[in-house]
Amino acid sequence: MKTIVIFMAFWTLCPLWADAQIIDDDKHPVAEAINKAYSYTYFFPFDAEGKININYEQMRKELDKRYAEVKAEVDKMADGDEKVFYTHVNEDAFLNFRMRLCQDSTAYRDLVSRIDPNDTISLLNYLPQRFVESKMQGDYSKAWGHDPTDYGLEYISVMQQYITSPKVKHELLSDCAWAVLSFGKDYADIDRFWKPFVDYAADDTVVVNKYQTKVDAIKRTKPGAPAIDFTFEDADGKQHRLSEFFGKTLYIDCWATWCVPCCNEIPYLERQVAELKDKADRLVFISISLDRKRQPWIDKLAKDKPQWLQFIADKAGDEILSSQYGITSIPRFLIINADGTIGNANAFRPSDPDFAAKLEPYLHN
């Protein structure tokens, strides 16, 4: 089912912001119960290989159990607007997770029919997004990691047909831009998506301005463009600049200790470093942590003892990676040519079975 495939694809990258709770209120007991019951990390955990591999029937039974437990807590509340709100959120949360755990197309369509795509409370559980995706006809399962422009254009087209609420429109526009610009690469022409997006967004300058930086970064980091210099620190606190390493091809791993997909790439990167050590005269591997706190990074290095260059981005470097290189999700891999120009600003992963063959052409630039 294409909507489920799209959702699962998003989990192969970690956004550079914390995964939001359903209700941002840990002090209310029912809000706390809802946030605890409907946990994405519980229902969709990564296995040892970084894949989501779950027993759907078992998880559906667990979902029913958790829904009933939250409902019992909501039923204890005094009648009023607050009870109505939490009842609504619990029903929506159950529907959201039930859709994500659904494996039958007929049952899925029945679940979709329950969604009001213009209900603003349902945004807490991404139901308007699920509704829009359910109306899309294209198969975009292979678009992620490539050019998802057609996905974005159809997403906008469906929104034009069904979305009337300004608040819902704003949130869905943001999600659409985030998906296309964060999970895509190798765009044939980014303006083929961006111009229709801006036209449809109309006077929603907030969402346009939010993603204009990302679009500018995509244009700025095309192959052959000068690599923007930035700073980072080693484990001893000494500051370095990217330009210090020009003269050899650079393969740069942008990661963080809290990012599961990032950490899953480390053993593959370690293997590539070992297998390509004979090319050290032309090739340098660099890992740059985007951890906000230094100690978890230091602890990770002490545990893994990686045999290639390790740095952590300082505040200025982090800002440049975000604004100039457009890195809003990780892991992200960059290739910088020996002459200091961009080779590939969104490169293949170390786990790619054709890694060495794909890297070879850059060693001669």
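In the predicted model, Lys76 is joined to Glu73 by a salt bridge in which the closest N and O atoms lie 3.2 Å apart. The partners differ in their class of exposure, because Lys76, with a relative accessible area of 62%, is above the 50% cut-off and is exposed, whereas Glu73, at 35% relative accessibility, falls into the partly exposed class. This pair belongs to a set of salt bridges that numbers 17 under the rule applied here.

A second salt bridge is formed by the side chains of Glu133 and Arg130, with a distance of 3.0 Å from N to O. Both residues belong to helix H7, which covers residues 127-134, and their separation of 3 residues corresponds to about one turn of the helix. Glu133 and Arg130 are both buried. A further salt bridge brings together the side chains of Asp229 and Arg241, again described by an N to O distance of 3.0 Å. This pair links distant parts of the chain, with Asp229 placed in the loop between helix H11 (205-220) and strand S2 (231-233) and Arg241 placed in strand S3 (residues 239-241), 12 residues apart. Asp229 has a relative accessibility of 22% and therefore counts as partly exposed, since burial requires a value under 20%; Arg241, at 38% relative accessibility, also counts as partly exposed.

Helix H11, which precedes the loop that carries Asp229, consists of 16 residues and reaches 22 Å from its first C-alpha to its last, close to the expected 22 Å at 1.5 Å a residue. The helix bends by about 30° at Tyr211, and Tyr211 is itself one of the buried residues of H11, together with Val207, Val208, Lys214, Val215, Ala217 and Ile218.

Helix H12 (residues 260-275) likewise has 16 residues, for which a span of 22 Å should result at 1.5 Å a residue; the end C-alpha atoms are 24 Å apart, and the two values agree. A bend of about 30° occurs in H12 at Ile266, and a proline, Pro267, follows within four residues. The buried residues of H12 include Ile266 as well as Pro261, Cys262, Cys263, Glu265 and Leu269, with Gln272 and Val273 completing the list.

Helix H5 (residues 81-100) contains 20 residues, and the distance from its first C-alpha to its last is 29 Å, close to the 28 Å expected at 1.5 Å a residue. The buried residues of H5 comprise Lys83, Tyr86, Val89, Asn90, Asp92, Ala93, Phe94, Leu95, Asn96, Phe97, Met99 and Arg100.

Internal space was examined by a search of the whole structure, which finds 2 cavities of 30 Å³ or more. The largest cavity holds about 60 Å³ of space. Its lining is made up of Asp253, Trp255, Ile266, Ser287, Lys300, Leu301, Asp304, Pro306, Trp308 and Gln310, so that Ile266, the residue at which H12 bends, also takes part in the lining of the largest cavity. Strand S4 (249-255) and helix H13 (294-304) each contribute at least two residues to this lining, and the greatest contribution comes from H13, with 3 residues. In chemical character, the lining of the largest cavity is divided among 5 nonpolar, 2 polar and 3 charged residues.

Definitions and conventions:
Residues numbered from 1 in each chain as written. Predicted model: local features only at pLDDT ≥ 70, side-chain atom pairs only at ≥ 80, totals over all residues. Heavy atoms only, no water. 1 Å grid on protein atoms, 1.4 Å probe; cavity = no way out; pocket = protein on both sides within 12 Å on 5 of 7 lines; lining within 4 Å. Points joined across faces, edges and corners; volume = space filled by probe spheres on them. Nonpolar A, V, L, I, M, F, W, Y, C, P; charged D, E, K, R; others polar. Salt bridge = Lys/Arg side-chain N within 4 Å of Asp/Glu carboxyl O. Buried < 20%, exposed > 50% of the residue type's maximum accessible area, 1.4 Å probe, protein only. Expected span 1.5 Å × (residues − 1). Bend = angle between axes of the 7 residues up to and from the residue.
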